[in-house]
Amino acid sequence: MKSITSRLKLLTEISHFCQHQKIDPQIYLRLRIERLPFKLGEGREKVPFLVDREVAETVSSSVQHLVDLLKKRNERETRTPLHAFMPLSAPKRPKDIMERYLCTRDLSARPLEKRIAEDAIYHNPDLDAGIVEGWFLQYKDPGRLIWAIKRLYLKAIEEEIKEDKPTDIAYLIHLCLIAYLRKVKETLKKVTIKRFSYERLEQAVGQMLYSSLKEIQTEVFSEMRYKDLTVDISRLEQLIRGSTNPLTFIAIKPSLFKNDLNPYHLDQEGFDLMQTLAHAIDIDFQNIDESLKALLNRAKRNKRLREKLIELWSINRIRTAVFNYLKEYEDYNGGKDLWLFHLVQSNKAIQSILTREDAGRKFEDDLNKLITETSRSPDKEKAQRVIGIENAFKSQKRGGAMKRLFFSSREEEQLREVIEGFLLYQLDELWSAVIDESLQYLDDRKALKSRDELEDEYEGGRIYRLATDTRPILRDLTIKKEGHLFMDLRGFTRRMCIAKEITMADFMLKDFFLPVLDVAKKYYTDQGVKLNNLVGDAFSFSGRIHSLVSLSQELREIFDRCTEQIQEREGLACAGDDALAIGERYRHERRAILEERKGIEKSIEGIERELKFKEFLNPAQMIKAQEEDFNAQFDLYQAQINNLPQQIEREGDLEKKKKLVALQENLLMLKEGIGEQQRELAESIGSIGHDDLNDIFRRICAEEREELERLRRLLKESYDRESELNRAYEMEMAVKKDTGVEYGLFISYGDAAETIAFEDPFWGKMSVAIAEKLNEAARGTGRNPDIRRKLDLLLRNARRARGNPALTYPFSVFIDKSYGLSLRSDLSAMVERILQSRDEETARAVMKTASALFMSDIEKGMRGSGDDGWETLTYFNDIYNLGEAMSGEALQAYLREISPYRHHFDKMVKVNDLHTEIQQRFFFPSPELKFFICVERANDQLHFDLLRHVGELVFRGFELHQATAVYEIVRKNSPLYLLLERHHLMAWYEEAKAKNGGAQTAFG
C-alpha cells in the first residue's frame, strides 16, 4: 500500500500546484513542444530522436533475456502445483530458475536491482525472484540497462539545469525512453509460449519495465536531493515521475484485476464494485482530495462494498507482512516456506486462514513452529518479521481482541487505503492517455535514416541523441566557449643559473612537467581538457571549467611537492619541519579520529533505532493512544447526534429530512460500535495494570539507555580531539619559509582556442593555440612588484597599529589600484637644470606648473573622462598572484557547470563579524569580504569549496573592455580556510538554505 500512497501523494501535489497556477493537470503533463530548442515542421511539429546503438542493443537484449526466462519457466516446468500448507519438513531442492520463490537476498550487493525485483514480483503473479534474480544475475545486459537508463536521466537533468531557462530536455528524454521501451515491447506479439498467454507475457514484461523505470527515477531524484543543489528540480520530478505509471506499459488493461497481485492491490470484484460506485460520483481529477472524500463517504454507506474493501485491506496487510519476511529470509532451497509463498500469491488462501477454523488453526501451528525456530536465530530482525506475520494474522482474524491493540481498526482509514488504489487507477488511465498524446510528437529516426545520415543530423544539431557518453543530447551550434588555464612559474630559471643547468632542467622535467602532464591525462575527454602550449616554465590548458578547477588543485599539490624537494636539495628543510611529513601525519591522525567517530555514530544510530522501535511497541503507550482515539471518536459522534434532532425537526424538505434521519441512525450505529470496541479492549487488558506495563518497558530499555549515554560522551571527546589536532596542525604550518620559487595560476573563460597547425621545410611540424581569453589567463598570473610592495607596506602598518608582529595576510592573490605623479619631458629637463644650478625661483615656477596640471587631471577624472588626456596623474591597476584565481566570467561558467552536482551561494561578511581567532590572526585590507561557497555532499559529509572576490582588474591589452572581476580559489589547507570551516561555513550554509527556502528556483 505504501507505493500507492506515495504515488497518489505525488499526483495530488501536481493537482494542488495546477489549482494554484490555474492550469489543467492534463495540459501540465503534456510535452511543451514550444520550449524545446529544436523541432521539425510547423503546426504538426515532430521531435526527432535517436537511441544510440549501444543503448538500443542493451534494451532489446535485456527484454529478450526476460522473455527467455519466462519461456523456460512455463514450457519446461514439471513440478506439481503449490500446496497451501506444505509442512516445514519438506525435502530440500537445489536452487534453480525453475523454482518459484520470493527471496531477493542474492541481490543484496545491488540495492537498486533488489528494489526493482521486489516491486516487480509483488505486483505481478508471473514474476518471482527465480525469474527476476536470474535476469539480473545470469545476464550482464539487464544491469547495463539499469545503469544506462539512470545515466540518461542524470545526463538530461544536468543539461537542463545548466540552461538559463526551462527547455524540457529532461522531460523529452524521459518520454523518448518510454516510447522506445514500448516499441521494443511490441515485439512480444511475435512470441509464443506454451501454456502462457500473450496477455500474461505482456503484463509481466510491462510490469518489469515499469518497476525498473520507477525505482531508477526514485534513486535519481534521491541522489539529486542528497546533493542539496542550489536549483529547484521539483518541477522536473513532478513531470517525470507523475507521467510514469503501470498502464503506460500495459496494453491489455481489462484483465489486470483478474490477478490477485497487481499494481493497485484490488481484485476483480472490488474493482467492479468501485466502478459502480464511481459512476454515481463525478470524479474531479483537478481536485483529488475531494474525489477521495466523495468515494469514501459513498463506500461507508454501502454495506457490501464496505465489507469487501475491509476484506481487501486485511488481505493486503497479511500479504505485506508475509512478503517482508520471505523477501529476506525465505528458505528456497528446502521449499519449506512454500505455504507462506502461496499466501502471497493467493487472496483465497489468506481469506481461508482468516475465516475457516481448521485452516486458521493449521496456519497458527505452522507459524508457531517457525517462531520457535527463528527465536533461536542470532538474527533478531528475522524473528521480528515472523512476529510481524503473527501480529498481522491475529489483528485481522475475526473476533481477535489484539486487533484493537496492535493494529488500527479505524474503518475509515482502512477504506481510504483501498480506495486510494482505485482512484490511482482512474488517474493513471486518464493521464496515460495524455502521455500517449505527447508520444505522438516523437519521431524515432533510426528506421528512416542510415547511420551516416543520422550522424550528420546530429552534428548539424537536428536530432536528439540518447546515449550515455559525454556528448550533449542536442548538438549546440553556437560558438563554442571553454575555459583557459595558464600557469606560470618564477624562480626555477634563477635556480638553474645557480645550479648546473643540465641538472636543474632534468629535475624540472622529471619532478614537475612530467607529473603535470600525467595528471592532466585523466581530464582529457572529447569535452575535457587539452594541452595548448608548454614553453619554458609556463604552460596552458583549455577545456571544461569544472575540469580545469579540479586540475588546478592537483597542479598545486605537484608544485608543493616539487618545491619541498628543492628545499631538501638546498638544505632549506629537515625531517622535523618538513611540510609534507606534517601534512601526512595530520591526515593520518585525523582519518583515525573520523573512522572511530563513524563507528560511534553508527552504534548510536542503532541503539536509538532500537529504542524507538521498542517505544513504538510499548503496550502501555499503545493502549493509551487507542483509548484516546476511542474517546475522541465517541465525543465527535455524540456532538453530531446532539445537534441532529433539532435539525430534523426544523427541516421542511421531506427528502432532506429522510437523509438526516438516515445520518442519525448511522451515527448511533457508529457510536455503539465504538462503545463495543472500548469494552472489548478493556476486557483484554483488565488483568494487567498500566504501571506494571510501563515498569516492564523501563527495565527492558535500561541497558540501551546507559550505553547511549556512554557513546555520546565518547562522541564529544572525539570532536574535542579533532579540534585540538587542527589547532596543533595550524601552529606547525604557520611558519613559512621563502623557497624562492613562485607560482601563479589563472583561469579565464571565452571563445574556444583555435589551433593553427602547419609544417615548415626546415623547422618541421608546429602548432599554435590562439584565443583572446588565453591571453587574459596569462595576464592573470602576473606578479607586479609594485603591488607586492604596496601589500607589504599595508601589512607592516597593520602590525604596528595592532601591536601584533605575527599578523599575516591570509590570501595568495592581491589586486590594487594606486596613483602616482609623472612630469612632462620639458618639466623633467627643467628639474634637471634646477638641481644643477640650485635655482629656487625656477623650482617654484616648475612646482606651480606641475600643480596646475595635476588639478587639471583631477578635474577631468571628476567629470568621468577617466585617464584619457591626463598629463601628470598616473595610475596602475595590477595583480600579484601566488595562488589560483579565475575571472568573473569563468566563475559564472563554473557555477553553471557544477549546478547539477552542488549547492552554491554567495556570502558578504564584515571582517568585524568573523570569529575573534580569525580577526586576531589575519590582516584584511578591506572591511568586508565577499565569498562564493560551493557545497558538495559526499559520504554523508559536506565539503566546501571557497572562492573569494579579490577585486576588479583591467588587463594590459584589454583596456577597451570592461574591468574583469577576479576570484581567488581559497586553498583547503590554508589556515584561514580551516578556521572558517571550524567557525563559520556550516552556519553560513544553513543561513543560505533558510534564506532561499531550501533552494533557489532554477527557472523563476
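# Guided tour from β17 outward

Start by selecting Arg 948 and Glu 968: Glu 968, in β17, is the bridge partner of Arg 948. The model is predicted, so local features need pLDDT of at least 70 and side-chain atom pairs count only at pLDDT 80 or more, while totals for chains, interfaces and linings use all residues. Residues are numbered from 1 along each chain as its sequence is written, and side-chain values use heavy atoms, with hydrogens and water left out.

**The nine-stranded sheet**

Widen the selection to strand β16 (residues 941-953) and strand β17 (residues 964-969), which run antiparallel and are joined by six bridges. Strands (E, at least two residues) and helices (H or I, at least four) are DSSP runs, numbered from the N terminus; two strands pair if DSSP finds at least two bridges between them.

Next, select the sheet that contains both strands. It is open, has nine strands with mixed pairing, and follows the order β6-β7-β5-β8-β13-β17-β16-β15-β14. Look at its two edges, β6 (529-535) and β14 (903-910): each has a single partner strand, so one side of each is left without a neighbour in the sheet. On average, neighbouring strands of this sheet are turned by 25° against each other, direction ignored. Axes here are lines fitted to C-alpha atoms, for helices over the stretch in contact, and angles between N-to-C directions run from 0 to 180 degrees.

Now go to β5 (residues 481-490). Is this strand mostly covered or uncovered? It is mostly covered, as eight of its 10 residues are buried. Buried means under 20% relative accessible area, exposed over 50%, and partly exposed in between (1.4 Å probe, protein chains only). β5 runs antiparallel to β8, with 10 bridges joining the two. Select Phe 486 to find Phe 746 of β8 opposite. Strand β7 (residues 538-543) also pairs with β5 in the antiparallel sense, over six bridges. To see one of these positions, pick His 484, whose bridge partner in β7 is Ser 542.

**Helices on the sheet**

Add helix α31 (residues 888-898). It lies across β8 (742-751), β13 (884-887), β14, β15 (928-938), β16 and β17, and runs at about 90° to β13. Helix α34 (residues 985-995) also packs on the sheet, where it touches β14, β15 and β16 and makes about 110° with the direction of β14. Contact means heavy atoms within 4.5 Å.

**The three-stranded sheet**

Move to the open sheet of three strands, ordered β3-β1-β4 with parallel pairing. Its edge strands are β3 (442-444) and β4 (464-466), each pairing on one side only. Neighbouring strands are turned by 35° against each other on average, direction ignored. Strand β1 (residues 47-51) runs parallel to β4, and three bridges join them. Select Leu 50 and then Arg 465, its bridge partner in β4.

**The largest cavity**

How many cavities of 30 Å³ or more does a search of the whole structure find? There are six, and the largest has a volume of about 70 Å³. A cavity is a set of points, on a 1 Å grid over the protein atoms alone, where a 1.4 Å probe fits but cannot get out; lining residues have an atom within 4 Å of a point. Grid points are joined across faces, edges and corners, and a volume is the space filled by probe spheres set on the points.

To display the lining of the largest cavity, select Ser 3, Ile 4, Arg 7, Asp 119, His 123, Gln 207, Tyr 210, Lys 214, Pro 246, Pro 263 and Leu 424. Helices α1 (2-21) and α8 (198-226) are the elements that give two or more residues to this lining. By class, the lining has five nonpolar, three polar and three charged residues. Ala, Val, Leu, Ile, Met, Phe, Trp, Tyr, Cys and Pro count as nonpolar, Asp, Glu, Lys and Arg as charged, and the others, Gly among them, as polar.

**Three loop residues**

Select Thr 167, in the loop between α6 (141-162) and α7 (169-185). Its relative accessibility is 9%, so Thr 167 counts as buried. Beyond its neighbours within four places in sequence, Thr 167 is in contact with Arg 35, Leu 36, Pro 37 and Glu 160.

Arg 195 sits in the loop between α7 and α8. Arg 195 has a positive phi of about 60° although it is not a glycine, and at 59% relative accessibility it counts as exposed.

End at His 265, in the loop between α9 (234-242) and α10 (268-279). His 265, also not a glycine, has a positive phi of about 55°, but is buried, with a relative accessible area of 6%.

Terms used:
1 Å grid on protein atoms, 1.4 Å probe; cavity = no way out; pocket = protein on both sides within 12 Å on 5 of 7 lines; lining within 4 Å.
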